[in-house]
Structure formats: C-alpha cells, structure tokens
Amino acid sequence: MSRAPQRAGRVVLALASAAALASGARVCAQPPPGPAPAPRPPREAAPFDMTGTWVSIVNEDWRWRMVTPPKGDTTSVQPLNAQGRAVAQAWDTAEDGLCKAYGAPALLRMPTRLKISWQSADVLKLETDAGRQTRLLRFAAPGAALAPGGAPSLQGDSIAQWQFTLRRVSGLGPPPPGPPPPGGSLKVTTTNLLPGWLRRNGVPYSERTTLTEYFDQFAAPNGVQWLVVTTVVEDPTYLRGPFVTSTHFRREQDASKWSPKSCRSEP
C-alpha cells in the first residue's frame, strides 16, 4: 500500500500545529495591560463626608455617662476582671475630672461635641469640646503600622482605613473603575496609649490596650445626618474580653454651640 496518503496526513497535521503555535505566539506577544491608576488620596476617596460639628445623643448608659458614677460602680463593664475591679475600688473622688477619663478608649462616650476636619489629604482631625482633646486619624494601607518611637499619649497613635461597600455581589475580576460606592465605613485602630479610665470613676484600661472603632454615617428619613461609632476596647490587663459600645452623634448646622472645656491633669 502506498505511503503517500500517510505522508500527506502528517503534512496537514504539521501545518495545523504550526498555525496554532503561530496564533498562540501572536496572543502572547500582545502588550501587557498598563499600570493600575494611582489610588486617590483618602480625602477624595471618602464614601461620606464626616466633616463638621456633631453633638452626642446620650440614648443609653445615661447614668454612667452624664454624671460621674459612685466609687466602685463598674456595672455593665462586663469584661472587667478582678484586678480591674480592685483598681476601680481604689479610685478617689478627688480625682473626678482628671484627663485620664478623656483618653481615646472613653473619649467619645463623654457627653460632648465633635469637630471633624481634614488636617491634610490623609489625616483626619477629630476634636472634642469635652476635655478639649484632639485626635489625629492617619490613613495608611491595610496592615501598615505607624513608625515606632513616639511617646505614649492619651489619644495614642491611630491608623485609619476606608472600608468600602462592595460594588459587585457576584462575578470575577476587580471592581469597575469610577468614583467610590455610596456606602462604606471608617475603621480606626489605636495603640500606644497611656493608661486611663473607661469611666470617670476610675474603671481602668492599661497601656496594653488596643482600641478599634468603626465610624458609620447615615441620613434619617427627616434628612438629619447621624454618625454612629462602634468602639471595641481590648485590654489583656484589666479585661477578660472585648468591651463593645455604640455611640450616636447628630450633625449640627454650625459650630455656634461649640464650647471647649479642659480636663484636669492633676488631682
């Protein structure tokens, strides 16, 4: 039998393979996609506008927030351990009004007004009229840490990150380009704190404390703007587990009621 048809078949297969390889080479030779666009500064990327003046609405824990609780009253600070209760029992009423009650873990539980503004494109400034305190929330990439070496302070070192609402419920690939979605939260993690009080009657937190906060903003049906701050205090010295609270603020039209009052640094 002649081998010509077999040779012809091999020639056809060889030509087809060469064509496929050539086609693949053309695909691989396409230029790679260009670099991703540079991320926008946090001030431009914000999913909502926190700037302005806000007043706290004390709709829970009134008797522990509006007045100084009695000595030894640690009610509702459920994770407080025996060591923490002993420290609280040692509090002296002469210490009422000290700045130890105005550290970051307890500051927003005070009946206070907030004044929020951008100090720069990546630093959000939060001021309180109660205790006349200032916090700087510095934006950084996830997992980043502030440079070590700063002295501990009442307000500590805070890293902020926008947490955006997902654009897609399903599907593969990155979100489409464009402005940020209309929803999201601000997450703030604070460390490098001086010891302080979770309440004005000396319920303690230690220098080992980590504070995590989530700021959410929404509009009520009547158009009033609300800011809700969920606070998580974790302290391996005085707490058996996280101490979680939720605090509410209402936006004011202007700063006409802003009235800063300093706390006391010494008894």
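Me: Let's start with Phe-48: is the residue buried or exposed?

Reply: Buried means under 20% relative accessible area. Phe-48 comes in at 13%, so it counts as buried. Keep in mind that this is a predicted model.

Me: Which ring does Phe-48 pair with, and how are the two planes set?

Reply: For ring pairs, look at the distance between centres first, then at the angle, where anything over 60 degrees counts as edge-to-face. There are 3 aromatic pairs in this structure. One of them joins Phe-48 to Trp-162, with 5.5 Å centre to centre and 80° between the planes, which makes the pair edge-to-face. Phe-48 sits in the loop between α2 (42-45) and β1 (52-57), while Trp-162 belongs to strand β6 (residues 157-164), so the pair ties together parts 114 residues apart in sequence.

Me: And Trp-162, buried or exposed?

Reply: Trp-162 counts as buried too, because its relative accessibility is 12%. Neither ring is on its own with its partner, either: Phe-48, Trp-162, Trp-118 and Phe-139 make up one aromatic cluster.

Me: Let's zoom out. How many helices and strands does the protein have?

Reply: There are 5 helices and 13 strands. Of the 267 residues, 39% are buried. The accessible surface is about 15000 Å², with 58% of that belonging to carbon and sulfur atoms.

Me: What share of the contacts joins residues at least 24 apart in sequence?

Reply: Take the contacts between residues at least 6 apart in sequence: 62% of them join residues at least 24 apart. Leu-126 and Lys-115 make good worked examples, so let's go through them.

Me: Okay, where does Leu-126 lie?

Reply: Leu-126 is in strand β3 (residues 123-128). Its relative accessibility is 1%, so it counts as buried. For its surroundings, skip the neighbours within four places in sequence; what remains in contact with Leu-126 is Leu-108, Leu-114, Lys-115, Ile-116, Gln-133, Thr-134, Arg-135 and Phe-215. You can also check a C-alpha distance: Leu-126 and Gly-52 are 9.9 Å apart in space, with their positions 74 residues apart in sequence.

Me: Lys-115 turned up in that list. Which strand holds Lys-115?

Reply: Lys-115 lies in strand β2 (residues 113-120). With a relative accessible area of 25%, Lys-115 is partly exposed. Beyond four places in sequence, its contacts are Gly-52, Thr-53, Lys-125, Leu-126, Glu-127, Ala-255 and Trp-258. Look at Thr-53 there: Lys-115 and Thr-53 are 62 residues apart in sequence, yet 4.6 Å apart in space, C-alpha to C-alpha.

Me: What about Thr-212: buried or exposed?

Reply: Thr-212, in strand β10 (residues 210-219), counts as buried because its relative accessibility is 11%. Not counting residues up to four places away in sequence, Thr-212 touches Lys-187, Val-188, Thr-189, Thr-230, Thr-231, Val-232 and Glu-234.

Me: Now the empty spaces. How many cavities of 30 Å³ or more does the structure hold?

Reply: The idea is that a probe fits in a cavity but can't get out, while a pocket is open. This structure holds 2 cavities of 30 Å³ or more. The largest has a volume of about 190 Å³. Its lining counts 14 residues, and Arg-65, Ala-106, Arg-109, Leu-198 and Arg-199 lie nearest its centre.

Me: Which elements each supply at least two residues of that lining?

Reply: That would be α3 (62-65), α5 (104-107), β11 (225-234) and β12 (243-251). By class, the lining of the largest cavity has 7 nonpolar, 2 polar and 5 charged residues.

Me: And the second largest cavity: what lines it?

Reply: Its volume is about 30 Å³, and its lining is made of Ala-104, Pro-105, Ala-106, Leu-107, Leu-108, Arg-109, Glu-213 and Thr-231. Helix α5 gives the most, with 4 residues. The split for the second largest cavity is 5 nonpolar, 1 polar and 2 charged.

Me: Last one, on pockets. How much space lies in the second largest pocket?

Reply: About 190 Å³. Its lining has 14 residues, and those closest to the centre are Pro-111, Thr-112, Asp-129, Ala-130 and Lys-261. Strands β1 and β4 (130-131) are the elements giving two or more residues to this lining. The lining of the second largest pocket has 5 nonpolar, 4 polar and 5 charged residues.

Methods:
Residues are numbered from 1 along each chain as its sequence is written. This is a predicted model: local features need pLDDT of at least 70, side-chain atom pairs count only at pLDDT 80 or more; totals for chains, interfaces and linings use all residues. Side-chain values use heavy atoms; hydrogens and water are left out. Buried means under 20% relative accessible area, exposed over 50%, partly exposed in between (1.4 Å probe, protein chains only). Contact means heavy atoms within 4.5 Å. On a 1 Å grid over the protein atoms alone, a cavity is a set of points where a 1.4 Å probe fits but cannot get out, and a pocket is an open set with protein on both sides within 12 Å along at least five of seven lines; lining residues have an atom within 4 Å of a point. Grid points are joined across faces, edges and corners, and a volume is the space filled by probe spheres set on the points. Ala, Val, Leu, Ile, Met, Phe, Trp, Tyr, Cys and Pro count as nonpolar, Asp, Glu, Lys and Arg as charged, and the others, Gly among them, as polar. Rings of Phe, Tyr and Trp (its six-membered ring) pair if their centres lie within 6.5 Å; planes under 30 degrees apart count as stacked, over 60 as edge-to-face and the rest as tilted. Accessible areas come from the Shrake-Rupley method with a 1.4 Å probe; for residues, only the protein chains shown count as cover.
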